[in-house]
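Here are a few exercises to work through with the model open on your screen. Try each task first, then check the steps below it.

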Amino acid sequence: MDAPADGRNPRTVRTRTRTRTRTRTRTGILLSAAAALTAAALPASATQPTPTPTPDPVVVDCFSKGQIRPDEYLLACGDGNNRLVKLHWNTWGPKTATATGTDMVNDCRPYCAAGRFHPYPVTVTLSDPQPWPDHPGTQRFTTIRLLYTHTPPTPTPKDVTYKLVYDTPTPTPTP
């Protein structure tokens, strides 16, 4: 066997490489064992689970769908003649939610199908969260307050509060 051009002995180079590899392997095994022992030695109380936060309440729309921070909200489910639009939510928390937006109200003149929609700037506050039946762990806002920041639609007062409880009717048994 010929010596390399740099003059090193090939057996010495192989021996040093094996020694380095063994040292690195031992170091890795020792570090893994130390980590396992440390994890086993920690008391169980050191890793307490964080409590799951309660989800924020929803506002239930005309289609019985829960929404958070909707851009629009239909107030008149039956005929669609009153809708909150361009809602910008300032807060949405476990007790209340507040937004600014526009209440689009149909004047219904001479009748609703021929009426025109007029915009009314409004501040919206949702409140009074209650458990939502058939939706375990979910609360729904049950009150909405509309505070008109300018002139309100006739004959609505400047500050009005409505209940938002749309109960699903109980089916009538058939004979």
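Which strand does Asp103 lie in? Asp103 sits in strand S5, residues 97-106. Before going further, note that this is a predicted model, in which local features need pLDDT of at least 70, side-chain atom pairs count only at pLDDT 80 or more, and totals for chains, interfaces and linings use all residues. Residues are numbered from 1 along each chain as its sequence is written, and side-chain values use heavy atoms, with hydrogens and water left out.

**Exercise 1. Place S5 in its sheet.**

Step 1. Get the vocabulary straight: strands are DSSP runs of E with at least two residues, numbered from the N terminus. Two strands pair if DSSP finds at least two bridges between them.

Step 2. Trace the sheet. It is open, has six strands in the order S3-S4-S5-S6-S7-S8, and pairs antiparallel. S3 and S8 are the edge strands with a single partner each, so one side of each has no neighbour in the sheet.

Step 3. Look at the two neighbours of S5. Eight bridges join S4 and S5 in the antiparallel sense, and this pair makes a hairpin with four residues in between. Trp89 has Ala99 in S5 as its bridge partner. On the S6 side, S5 pairs antiparallel over ten bridges, with Thr102 partnered by Pro121 in S6.

Step 4. Check how covered S5 is. Seven of its ten residues are buried, where buried means under 20% relative accessible area, exposed means over 50%, and partly exposed is in between (1.4 Å probe, protein chains only).

**Exercise 2. Find what Asp103 has around it in place of a salt bridge.**

Step 1. Use the cut-off: a salt bridge needs a side-chain nitrogen of Lys or Arg within 4 Å of a carboxyl oxygen of Asp or Glu.

Step 2. Search from Asp103. This residue is buried and has no salt bridge; Arg83, the nearest side chain of opposite charge, is 8.9 Å away. For that search, Lys and Arg count as positive and Asp and Glu as negative, while His and the chain ends are not counted.

Step 3. Now try polar contacts (N or O atoms within 3.5 Å; within protein, one must be able to donate a hydrogen and the other to accept it, and residues adjacent in sequence count only if both atoms are side-chain atoms). The side chains of Asp103 and Tyr148 make one at 2.6 Å.

Step 4. Widen to contacts, meaning heavy atoms within 4.5 Å. Leaving out residues up to four places away in sequence, Asp103 touches a set that includes Leu75, His118, Tyr120, Leu146 and Tyr148.

**Exercise 3. List the salt bridges and say what they connect.**

Step 1. Count them: the structure has three.

Step 2. Take Glu72 and Arg83, whose closest N and O atoms are 3.0 Å apart. Glu72 is in the loop between S2 (66-67) and S3 (73-74) and Arg83 is in S4, so the pair ties together parts eleven residues apart in sequence. Glu72 is partly exposed at 40%, and Arg83 is partly exposed at 32%.

Step 3. Asp128 and Lys163 meet at 3.5 Å, N to O. They link S6 with S8 (residues 159-163), 35 residues apart. Lys163 is exposed at 55%, whereas Asp128 is partly exposed at 33%.

Step 4. Asp159 and Arg145 meet at 2.6 Å, N to O. This pair links S8 and S7, 14 residues apart. Those two strands run antiparallel, with five bridges.

**Exercise 4. Work through the aromatic pairs.**

Step 1. Apply the rule: rings of Phe, Tyr and Trp (its six-membered ring) pair if their centres lie within 6.5 Å; planes under 30 degrees apart are stacked, over 60 edge-to-face, and the rest tilted. A search of the whole structure gives three pairs.

Step 2. Trp92 and Phe141 are edge-to-face, at 5.5 Å centre to centre and 80 degrees between planes. Trp92 is in S4 (residues 82-92) and Phe141 in S7 (residues 139-148), so the pair ties together parts 49 residues apart in sequence. Trp92 is buried at 8%, and Phe141 is buried at 1%.

Step 3. Tyr120 and Tyr148 have centres 6.4 Å apart and planes at 85 degrees, so they are edge-to-face too. Tyr120 is buried at 16%, and Tyr148 at 1%.

Step 4. Finish with the cluster: ring pairs link Trp89, Trp92 and Phe141.
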